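Thanks for coming, everyone. I have a new structure to walk through. Please take a look at the screen.

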Amino acid sequence: VFVMKLTAFRWVLLLLLLLPRAGRAQQLEWVRNPQYRLQYQVPSNWQQLRQATDTTLALTHLSPDKTLLLYIGKMHGAAARMTPAQALFHLTEQFGVPVNKQYATTYNGIKFIETTGVGTIQGQRLRYDAMAATHQGHVLLIYVSAPPDAFFTHEALLTSILHSMAPYRGK
């Protein structure tokens with residue numbers, strides 16, 4: 001019986017090794033951003049793009065198939081004096097989605113104002129979650145979006161990413 005169990009274990013192990021990587025849980029890695037004083041986790045295979053406008057500095061993370069988007073930004077320049085509510089409106093306006101009912105949420109001590117919903121951008125329906133917070137002297141912006149079916153399919157991953165948002169104190 002022990003030999004049968006060991007053999008069955010080996011078969012399961014072999015099958016797991018043969019599964020394509022897409023079928024397994026995604027490996028998350030920490031992103032530590034001293035400029036935003038924020039750390040969070042994202043899948044290691046997501047592409048990163050840095051962006052700057054006259055009002056925001058941002059790091060955007062895109063899934064390999066470009067369906068999931070995570071935008072982490074902060075207000076700068078004169079816009080850095082915005083309240084989180086004003087910054088949330090600015091963020092949703094930037095992405096062309098409506099501000100729906102706003103509510104307070106906290107992730108690891110960072111108090112956000114948040115709105116969620118569905119919008120249409122360039123003819124594509126997207127589900128989104130947008131947040132803004134004052135954090136260690138900065139106004140942070142967080143935006144996650146995906147087509148509704150992809151958002152639903154990857155909801156556990158997106159929730160894990162959002163729940164990983166935490167202050168970064170650096171060295």
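I will go through some strands, the cores, a pocket and one loop residue.

One thing up front: this is a predicted model.

Let's start with three strands. β7 covers residues 110-121, and β8 covers residues 124-135. The two are antiparallel, paired over 10 bridges. Look at the end of β7: Ile-121 sits opposite Gln-124 of β8. β7 and β8 make a hairpin, with two residues between them. In that turn, Gln-122 has a positive phi of about 50 degrees.

Now move on along the chain. β8 also pairs with β9, residues 138-146. Nine bridges join β8 and β9, and again the sense is antiparallel. Here Thr-134 has Val-139 in β9 as its bridge partner. β8 and β9 form a hairpin too, with two residues between the strands. Gln-136 takes a positive phi there, near 50 degrees.

Next, the inside. In soluble globular proteins, nonpolar side chains tend to be buried together. Which residues touch the most other members of the largest nonpolar core? They are Leu-38, Tyr-40, Leu-70, Ile-72, Ile-142, Ile-161 and Met-165, out of 27 residues in that core. Several elements supply at least two residues each, including β2, β4, β5 and our three strands β7, β8 and β9. The helices α3 and α4 do so as well.

Take Ile-161 from that list. Beyond its neighbours within four places in sequence, Ile-161 contacts Gln-41, Val-42, Pro-43, Trp-46 and Leu-70. Apart from the largest core lies another one, of 17 residues. Its members include Ala-58, Ala-79, Tyr-128 and Tyr-143.

On to empty space. The second largest pocket holds about 230 Å³. Its lining has 13 residues. Nearest the centre are Leu-69, Ile-121, Gln-124, Leu-126 and Ser-145. So we meet Ile-121 and Gln-124 again, the pair that stand opposite each other. α2, β8 and β9 each give two or more residues to this lining. By class, the lining has seven nonpolar, five polar and one charged residues.

Last stop: Gln-35, in the loop between β1 and β2. Is Gln-35 buried, exposed or partly exposed? Its relative accessible area is 42%, so Gln-35 counts as partly exposed. Setting aside residues up to four places away in sequence, Gln-35 touches Leu-57, Lys-74 and His-138. Gln-35 and Leu-57 are 22 residues apart in sequence, yet their C-alpha atoms are 9.9 Å apart in space.

That is the tour. Over to you.

Technical notes
Residues numbered from 1 in each chain as written. Predicted model: local features only at pLDDT ≥ 70, side-chain atom pairs only at ≥ 80, totals over all residues. Heavy atoms only, no water. Helix = DSSP H or I, 4+ residues; strand = E, 2+ residues; numbered from the N terminus. Core = buried A, V, L, I, M, F, W, Y, C linked by side-chain atoms within 4.5 Å. Buried < 20%, exposed > 50% of the residue type's maximum accessible area, 1.4 Å probe, protein only. Contact = heavy atoms within 4.5 Å. 1 Å grid on protein atoms, 1.4 Å probe; cavity = no way out; pocket = protein on both sides within 12 Å on 5 of 7 lines; lining within 4 Å. Points joined across faces, edges and corners; volume = space filled by probe spheres on them. Nonpolar A, V, L, I, M, F, W, Y, C, P; charged D, E, K, R; others polar.
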